[in-house]
Amino acid sequence: LQLVESGGGLVQPGGSLRLSCAASGFILDYFAIGWFRQAPGKEREGVSCISSRGLRTKYADSVKGRFTISRDNAKNMVYLQMNSLKPEDTAVYFCAATLRIDYDWSDFGSWGQGTQVTVSS
């Protein structure tokens with residue numbers, strides 16, 4: 001499995017970014033996909049995840065109401081729309097996959113290389 005993240009960058013506080021997670025070499029339809037982030041000196045944390053058909057989503061409390069996860073299985077893509085960004089959202093963002101139906105944050109694997117998001121004025 002190979003996942004490739006893109007869409008990161010430098011944005012001012014209050015701004016928006018849309019991250020993309022592309023699947024290569026496999027069909028995304030069967031996998032739940034999660035977005036995670038890791039800030040310098042901190043452990044990796046789950047941000048949001050979406051079930052294989054997009055019927056279930058989950059968000060970390062810190063991003064609820066600001067981030068939206070979505071997927072387009074026809075394009076083999078998963079997205080993370082990030083609005084009202086804060087400096088504390090600065091991190092490397094990763095996507096990961098799991099075949100489990102009743103998944104938790106620890107069930108995800110096949111990590112991509114990550115994309116840097118920096119929120120700063």
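**Group meeting talk: strands, core and rings**

Okay, let's start with one spot: Arg18 lies over the face of Tyr79, 4.1 Å from the ring centre. Keep in mind that this is a predicted model.

Arg18 also helps us find our way around, since it stands opposite Gln81 in strand E8. Strands E3 and E8 pair in the antiparallel sense, over 6 bridges. On top of that, E3 is joined to strand E1, residues 2-6, by 5 bridges, and those two run antiparallel as well. If you want one pair to click on there, take Val4, whose bridge partner in E3 is Ala22.

Now the other sheet I want to show you. It's an open sheet of 6 strands with mixed pairing, and the order is E2-E10-E9-E4-E5-E6. Which strands stand at the edges? Those are E2 and E6, and each has a single partner strand, so one side of each is left without a neighbour in the sheet. Going from one strand to the next, the twist averages 25 degrees. Inside that order, E9 and E10 pair in the antiparallel sense over 3 bridges, and Val92 has Gln116 as its bridge partner in E10.

Something handy to remember while you rotate this: in a regular strand, side chains alternate between the two faces of the sheet.

On to the core. The largest nonpolar core has 29 residues, and the ones touching the most other members are Ile33, Trp35, Leu80, Met82 and Tyr93. Where do the residues come from? Strands E3, E4, E5, E7, E8, E9 and E10 each supply at least two residues of this core. There's also a second, separate core of 6 residues, and Cys49, Ala96, Tyr103 and Phe108 are among them.

Let's zoom in on Ile33. Leaving aside neighbours within four places in sequence, Ile33 is in contact with a long list, including Cys21, Leu28, Ile50, Ile69, Val78, Cys95 and Phe108.

Next, the rings. A pair of aromatic rings is described by the distance of the centres and the angle of the planes. In this model the count comes to 6 aromatic pairs. One of them is Phe26 with Phe31, which is edge-to-face, at 5.1 Å centre to centre with 75 degrees between the planes. Both of those residues are buried.

Then there's Phe36 with Trp105. Their centres are 5.6 Å apart and their planes are at 80 degrees, so this pair is edge-to-face. What does the pair tie together? Phe36 lies in strand E4 and Trp105 in the loop between E9 and E10, so the pair links parts that are 69 residues apart in sequence. Buried or exposed? Phe36 counts as buried, at 4% relative accessibility, while Trp105 is partly exposed, with a relative accessible area of 23%.

These two rings also belong to one aromatic cluster, formed by Phe36, Phe94, Tyr103, Trp105, Phe108 and Trp111. And we get another arginine here: the charged end of Arg44 sits over the ring of Trp111, 3.6 Å from its centre.

Last stop, Gly14, in the loop between E2 and E3. Gly14 counts as exposed because its relative accessibility is 52%, and the cut-off for exposed is over 50%. Gly14 and Lys86 are 72 residues apart in sequence, yet 6.4 Å apart in space, C-alpha to C-alpha. Not counting residues up to four places away in sequence, Gly14 touches Ser84 and Leu85.

That's my tour, thanks!

How values were computed: Residues are numbered from 1 along each chain as its sequence is written. This is a predicted model: local features need pLDDT of at least 70, side-chain atom pairs count only at pLDDT 80 or more; totals for chains, interfaces and linings use all residues. Side-chain values use heavy atoms; hydrogens and water are left out. A nonpolar core is a set of buried Ala, Val, Leu, Ile, Met, Phe, Trp, Tyr and Cys residues joined through side-chain atoms within 4.5 Å. Buried means under 20% relative accessible area, exposed over 50%, partly exposed in between (1.4 Å probe, protein chains only). Helices (H or I, at least four residues) and strands (E, at least two) are DSSP runs, numbered from the N terminus. Contact means heavy atoms within 4.5 Å. Two strands pair if DSSP finds at least two bridges between them. Rings of Phe, Tyr and Trp (its six-membered ring) pair if their centres lie within 6.5 Å; planes under 30 degrees apart count as stacked, over 60 as edge-to-face and the rest as tilted. A charge sits over a ring if NZ of Lys or CZ of Arg is within 6 Å of the ring centre and within 35 degrees of the ring normal. Axes are lines fitted to C-alpha atoms, for helices over the stretch in contact, and angles run from 0 to 180 degrees between N-to-C directions.
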